[in-house]
Amino acid sequence: FTLICSVFAFTACSDDDEEKVNYAGTYSGQLEVTIGENAPIPSEQSITLAEIDNGYQLQLVNFAIAGITVEKIEVPVSITETGAVSGSATDVPVFLTVTADVTISGTIIDNAANLTINVSAPLTPGGELTEMIVKFNGTKQ
């Protein structure tokens, strides 16, 4: 009986359980904005991923598109166990009364973010919709 009890005493839970990756934080790197057929406009930029109830929220703060400084863009995103990022939002306020439809895709692997942010918005209030592609490559700080 003692021998049987000693076998169970040394049984342990698995140490192989993977720790859940926390993607929240600030990522700094290169952001390129392409408007229509124009050449990409590069800049140094930071994005933030904040934890929310159902995943994360991507926040892009104080950057300029076509000379217009955008105060803040916030879009909820989900991130899979393999680091695949996806999210979208409609009517995201970007400047005064201008809103945008935003779609985000990409990956975050080993603290390196490689994201594509598609933005559809007028460049001026009431103007025609303009398609913009924003590419971000950066690392978690």
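Which residue of strand 7 does Ile104 stand opposite? Ile104 stands opposite Ile117, and this report sets that pair within the predicted model as a whole.

**Basis of the description**

The model is predicted, so local features are given only at pLDDT of at least 70 and side-chain atom pairs only at pLDDT 80 or more, while totals for chains, interfaces and linings use all residues. Residues are numbered from 1 along each chain as its sequence is written, and side-chain values use heavy atoms, with hydrogens and water left out.

**Overall organisation**

The protein contains 1 helix and 8 strands. Helices (H or I, at least four residues) and strands (E, at least two) are DSSP runs, numbered from the N terminus. Read from the N terminus, the order of the elements is α-β-β-β-β-β-β-β-β. Of the 141 residues in the protein, 33% are buried; buried means under 20% relative accessible area, exposed over 50%, and partly exposed in between (1.4 Å probe, protein chains only). Among contacts with a separation of 6 or more, 36% involve residues 24 or more positions apart, where contact means heavy atoms within 4.5 Å.

**Strand pairing**

Two strands pair if DSSP finds at least two bridges between them. The table lists four pairs that run antiparallel, each with one pair of opposite residues.

| Strand pair | Bridges | Opposite residues |
|---|---|---|
| Strand 1 and strand 2 | 9 bridges | Gly25 and Leu49 |
| Strand 1 and strand 8 | 9 bridges | Val33 and Val134 |
| Strand 6 and strand 7 | 9 bridges | Ile104 and Ile117 |
| Strand 7 and strand 8 | 11 bridges | Ala121 and Thr130 |

Strand 7 (residues 112-122) is paired with strand 6 (residues 98-109) and also with strand 8 (residues 129-140). In strand 7, 8 of the 11 residues are buried, so this strand is largely enclosed by the rest of the structure. Besides Ala121, Ser120 has a partner in strand 8, namely Glu131. In a regular strand the side chains alternate between the two faces of the sheet.

Three hairpins connect paired strands as follows. Strand 6 and strand 7 have 2 residues between them, and Asp110 in the turn has a positive phi of about 50 degrees. The hairpin of strand 7 and strand 8 has 6 residues between its strands, with Gly126 in the turn at a positive phi of about 80 degrees. Between strand 1 and strand 2 there are 5 residues, and Gly36 in this hairpin takes a positive phi near 60 degrees.

**Individual residues**

Pro40 lies in the loop between strand 1 (25-35) and strand 2. Its relative accessibility is 44%, so Pro40 counts as partly exposed. Leaving aside residues up to four places away in sequence, Pro40 touches Glu32, Val33 and Thr34. Pro40 and Val134 are 94 residues apart in sequence, yet their C-alpha atoms are 8.7 Å apart in space. Val134 is also the bridge partner of Val33.

Gln45 belongs to strand 2 (residues 41-52). Gln45 counts as buried because its relative accessibility is 12%. A polar atom of the Gln45 side chain lies 3.1 Å from the backbone oxygen of Val61. Beyond residues up to four places away in sequence, Gln45 touches Tyr27, Ser28, Gly29, Leu31, Leu60, Val61, Asn62, Phe63 and Phe136.

Ser88 is part of strand 5 (residues 84-95). With 48% relative accessibility, Ser88 counts as partly exposed. Its contacts, not counting residues up to four places away in sequence, are Val75, Pro76, Val102 and Thr103. Ser88 and Glu74 are 14 residues apart along the chain, and their C-alpha atoms are separated by 9.9 Å.

**The largest pocket**

A pocket is found on a 1 Å grid over the protein atoms alone: it is an open set of points where a 1.4 Å probe fits, with protein on both sides within 12 Å along at least five of seven lines, and lining residues have an atom within 4 Å of a point. The largest pocket holds about 310 Å³ of space; grid points are joined across faces, edges and corners, and a volume is the space filled by probe spheres set on the points. The lining comprises 11 residues, of which Lys20, Val21, Tyr23, Thr80 and Glu81 lie nearest the centre. By class, the lining has 4 nonpolar, 2 polar and 5 charged residues. Here Ala, Val, Leu, Ile, Met, Phe, Trp, Tyr, Cys and Pro count as nonpolar, Asp, Glu, Lys and Arg as charged, and the others, Gly among them, as polar.

Key: A polar contact is a pair of N or O atoms within 3.5 Å; within protein, one must be able to donate a hydrogen and the other to accept it, and residues adjacent in sequence count only if both atoms are side-chain atoms.
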